[in-house]
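Thank you all for coming; I would like to take a few minutes to walk through one model with you. Please have a look at it before I begin.

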Amino acid sequence: MSQQATADGQSDGLPVKIGAAVGFGAFFVGYILTYVLATVDSDLDFGGEEHTMELIGLLFYNSHFVDAELSLAGESETVNLLSEESTQIPELVYNLVPVLVLIGAGYLVASRAAALATDGDAAKAGATVVIGYLPAAAVGTAIFEISEGEEMFRLTAAPDFTMAIVLAGLAFPLVLGAVGGYIARQS
């Protein structure tokens, strides 16, 4: 079965271009909202401003249930900063950021898509946010990596790549974007 692409970026009725753009933007909106929460959260202390962007990135991945991999002198462990740190803002609020952003993104895509005949079409349209969210989640694992120290005493921290792809890049945008698309069809 061949796919037909139309001038407005729809492929077989799916708004691929819109989904990609909105999905990519949703990743950054989620990060910015996490940044705002972490800045307001007086119990979080990042020990200076040198790695604030990366640490908040780790929090953002943690809000997708993606652990951070820590490595020091050949020893590795995984941690979830949201679960292990004391925060003034409940962990659930951080976890709701990607949920609400992705439902909103799916809603937006399905609302803008032309002629969605069924609830399934609307859900598929909403799920197209994965096209932009997945690459952003993959690249984010490198952007939000922290590396300090020299050779034997090098400390590294980064989102677990496999979990980032499976959970943050695929599961979250596919399921939540589809939910947003379905909601758009109902309204």
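I will start with confidence, then turn to a pair of helices, and finish with a single loop residue.

What we have here is a predicted model, and the mean pLDDT of the chain is 88, with 90% of its residues reaching 70 or more. That confidence varies along the chain: among its elements, strand S1, residues 10–11, has the lowest mean pLDDT, at 49, while helix H6, residues 130–143, has the highest, at 97. Over residues 1–10 the pLDDT stays under 50, and for that stretch the model has 16 contacts beyond four places in sequence.

Turning to the helices, the axes of H1, residues 16–40, and H4 come within 9 Å and cross at roughly 155 degrees; since angles over 145 degrees count as roughly antiparallel, the two helices are therefore described that way. The crossing of H1 past H4 is right-handed. By class, their contact has 15 nonpolar, three polar and one charged residues, and the participants include Val22, Val29 and Leu33 on the H1 side and Val97, Val101 and Arg112 on the H4 side.

Finally, where does Ile89 sit? Ile89 lies in the loop between helix H3, residues 81–84, and helix H4, residues 91–112, and Ile89 is buried, because its relative accessible area is 13%, where under 20% counts as buried. Setting aside neighbours within four places in sequence, Ile89 is in contact with Leu37, Val40, Asp41 and Tyr94. Of these partners, Asp41 is 48 residues away from Ile89 in sequence, yet their C-alpha atoms are 6.0 Å apart.

How values were computed:
Residues are numbered from 1 along each chain as its sequence is written. This is a predicted model: local features need pLDDT of at least 70, side-chain atom pairs count only at pLDDT 80 or more; totals for chains, interfaces and linings use all residues. Side-chain values use heavy atoms; hydrogens and water are left out. Helices (H or I, at least four residues) and strands (E, at least two) are DSSP runs, numbered from the N terminus. Buried means under 20% relative accessible area, exposed over 50%, partly exposed in between (1.4 Å probe, protein chains only). Contact means heavy atoms within 4.5 Å. Axes are lines fitted to C-alpha atoms, for helices over the stretch in contact, and angles run from 0 to 180 degrees between N-to-C directions. Angles under 35 degrees count as roughly parallel, over 145 as roughly antiparallel, 65 to 115 as roughly perpendicular and the rest as oblique. A crossing is left-handed if the near helix is turned anticlockwise from the far one by less than a right angle, and right-handed if clockwise. Ala, Val, Leu, Ile, Met, Phe, Trp, Tyr, Cys and Pro count as nonpolar, Asp, Glu, Lys and Arg as charged, and the others, Gly among them, as polar. pLDDT is the predictor's confidence in each residue, from 0 to 100.
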